Amino acid sequence: MHTAFTLRRATENDAEAVAALSGELGYPSDVAVMRSRIAAVSRSATDALFVAVGVSGNVAGWLHAHTAQLIESGFRAEIFGLVVSPSVRRKGIGRALVAEAEQWAASLGAEVVVVRSNVARAESHAFYPSLGYENTKTQRVYRRRLNP
């Protein structure tokens with residue numbers, strides 16, 4: 001069963017919904033901070049933030065993608081984040097957001113789209129292969145705060 005929705009670029013007006021959905025991924029964010037992040041992504045030529053909006057006007061999901069030229073593997077896009085509200089999962093929204101990101105990446109000349117998924121996100125490990133994505137590596141991610 002598919003849910004009626006439209007896709008569009010996110011705006012700062014979507015900050016509250018994007019922040020709430022980000023919290024569902026385990027990344028809680030203040031609305032003002034999210035508004036600032038959306039503004040920065042919107043100004044970026046290498047980023048895209050798409051939202052799926054239901055007939056009620058509510059944001060049901062979002063996808064953030066970024067392009068980069070990598071010296072070792074060429075020009076690519078990477079899906080940095082994708083979340084769909086639990087109440088409308090498995091209704092085609094995630095699939096449509098990924099397709100939108102792929103079209104955007106192709107229009108910029110990207111050779112491939114890459115996505116990383118936390119090992120704890122079991123649903124993702126079934127979702128991406130169902131779209132034709134191949135598991136190409138297992139890795140660890142390290143982080144160091146620059147201004148603690």
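## The aromatic corner

Y128 is buried, at a relative accessible area of 9%; here buried means under 20%, exposed over 50% and partly exposed in between, using a 1.4 Å probe and protein chains only. This is a predicted model, so a word on ground rules: local features need pLDDT of at least 70, side-chain atom pairs count only at pLDDT 80 or more, and totals for chains, interfaces and linings use all residues. Residues are numbered from 1 along each chain as its sequence is written, and side-chain values use heavy atoms, with hydrogens and water left out.

Back to the rings. Phe, Tyr and Trp rings (the six-membered one for Trp) pair if their centres lie within 6.5 Å, with planes under 30 degrees apart counted as stacked, over 60 as edge-to-face and the rest as tilted. That rule gives two aromatic pairs. F127 and Y128 have ring centres 5.0 Å apart and planes at 70°, so they meet edge-to-face. Y128 also pairs with Y133: the centres are 5.8 Å apart and the planes again at 70°, so this pair is edge-to-face too. Together F127, Y128 and Y133 make one aromatic cluster. As for burial, F127 is partly exposed at 22%, while Y133 is buried at 13%.

## The nonpolar cores

In soluble globular proteins, nonpolar side chains tend to be buried together. For this model, a nonpolar core is a set of buried Ala, Val, Leu, Ile, Met, Phe, Trp, Tyr and Cys residues joined through side-chain atoms within 4.5 Å. The largest one has 22 residues, and F50, L63, I79, L82, I93, L97 and V98 have the most contacts inside it. Strand 2 (47-54), strand 3 (59-70), strand 4 (74-84) and helix 3 (93-107) each put in at least two residues; helices (H or I, at least four residues) and strands (E, at least two) are DSSP runs numbered from the N terminus. Helix 3 has the largest share of this core, with six residues.

Take F50 as a way in. Leaving out residues up to four places away in sequence, F50 touches R8, R9, A10, G61, W62, L63, L97, E100, A101 and W104, where a contact means heavy atoms within 4.5 Å. Apart from the largest core there is another, of 15 residues, including A10, M34, I38 and V41.

## Helix 3

Helix 3 has 15 residues and runs 21 Å from first to last C-alpha, close to the 21 Å expected at 1.5 Å a residue; the expected span is 1.5 Å times one less than the number of residues. Its buried residues are I93, G94, A96, L97, V98, A101, W104 and A105. They pack against strand 1 (5-9), strand 2, strand 3, strand 4, strand 5 (112-115) and helix 4. After helix 3 comes G109, with a positive phi near 90°.

## Helix 2

The 13 residues of helix 2 (residues 31-43) should span 18 Å, and its end C-alpha atoms are indeed 18 Å apart. M34, I38, A39 and V41 are buried here. Looking down the axis, the buried residues fall within an arc of 165°, so they line one face of the helix; the arc is taken from the directions from the helix axis to the C-beta atoms. Their cover includes helix 1 (15-24), strand 2 and strand 3. At the N-terminal end, D30 caps helix 2, with a side-chain oxygen 3.0 Å from the backbone nitrogen of A32.

## Past helix 4

K137 sits in the segment after helix 4 (122-130) and is exposed, at 57% relative accessible area. K137 and S85 are 52 residues apart in sequence and 28 Å apart in space, C-alpha to C-alpha.

Notes. Polar contact = N/O pair within 3.5 Å; in protein donor to acceptor, adjacent residues only side chain to side chain.
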